[in-house]
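This report introduces a single protein chain to a reader who has not met it before. Please look over the sequence and the structure first, and then follow the text below.

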Amino acid sequence: ELPTTLSLVIAYKSMLLTGKPFSSKSESYNTLVPRNDIGKGDDFNLSADRYNISEVRLSRFPVIHLGDIVEIVMGQAPPSDSYNKTGNGRAFVKVGNFGKIYPNIEEWTTVPLKMACPFDTLVCVVGATIGKINRGIECAIGRSVAAIRPDLSKIDPAFLYYNLMEWTKRLRKKSQGSAIGVITKEMLAGIDLALPQISIQK
């Protein structure tokens, strides 16, 4: 995100020269760190996450871990010889099938291993589009996709979907693993969510 970082540097220099207000919190992945803190311990680590200070977010609603109110289903690829494009079996969704709101179905499988449901939120957990989300449909999901299945007595599917939009952007920045990144089941389960009553969610 070099353009965003550059704009923050320019705004910071303007604050030093003119006294104009400045905030480094316009994007969650930009962090201002004193030079002395970067050099502590002779470890010049430029990852912003190292220097972030966790803040307790105040809410009039209880704040819960997402894993306490959803089931997280991590996808699994069916056998390669079970795929077809003729509509035989269950619709199959992988990362390349994500659309604007709902996935685009191009393949089916006769051996579905992990299934998503219409109330789920689908999340890309691996690859170039990591963090992208779609509304759920009844389909098999590949290993690059996770289905977040809400406890309908505690959280409305639409409320879950729109809250995950912002959180998955943050998780993309903190993704672990290979160079292209991975969002793990534990990262999803650990999301903090302010949870009003179902009647308010709707």
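A residue is called buried when its relative accessible area is under 20%. In this predicted model, helix H3 has the following buried residues: Pro 157, Phe 159, Leu 160, Tyr 161, Leu 164, Trp 167, Thr 168 and Leu 171. Across the chain of 202 residues, buried residues make up 34%, and the accessible surface comes to about 12,500 Å², of which 55% belongs to carbon and sulfur atoms.

The chain is built from five helices and 11 strands. Helix H3 covers residues 157-173, and because each residue should add 1.5 Å, its 17 residues should span 24 Å, which agrees with the 25 Å between its end C-alpha atoms. H3 nevertheless bends by about 35 degrees at Met 165, while its N-terminal end is capped by Asp 156, which places a side-chain oxygen 3.1 Å from the backbone nitrogen of Ala 158.

The chain also holds separate nonpolar cores, two of which are set out here.

| Core | Number of residues | Residues include |
|---|---|---|
| Largest nonpolar core | 24 residues | Leu 66, Ile 69, Ile 148 and Leu 188 |
| Second, separate core | 11 residues | Ala 91, Val 93, Ala 116 and Ala 147 |

The four residues named for the largest core are those with the most contacts inside it. Strand S2 (70-74), strand S10 (145-150), H3 and helix H4 (185-189) each supply at least two residues of this core, and its largest share, six residues, comes from H3. Beyond its neighbours within four places in sequence, Leu 188 is in contact with residues including Leu 66, Val 125, Ile 148 and Leu 171.

How values were computed:
Residues numbered from 1 in each chain as written. Predicted model: local features only at pLDDT ≥ 70, side-chain atom pairs only at ≥ 80, totals over all residues. Heavy atoms only, no water. Helix = DSSP H or I, 4+ residues; strand = E, 2+ residues; numbered from the N terminus. Expected span 1.5 Å × (residues − 1). Bend = angle between axes of the 7 residues up to and from the residue. Buried < 20%, exposed > 50% of the residue type's maximum accessible area, 1.4 Å probe, protein only. Polar contact = N/O pair within 3.5 Å; in protein donor to acceptor, adjacent residues only side chain to side chain. Areas by Shrake-Rupley, 256 points an atom, 1.4 Å probe, with all protein chains shown as cover. Core = buried A, V, L, I, M, F, W, Y, C linked by side-chain atoms within 4.5 Å. Contact = heavy atoms within 4.5 Å.
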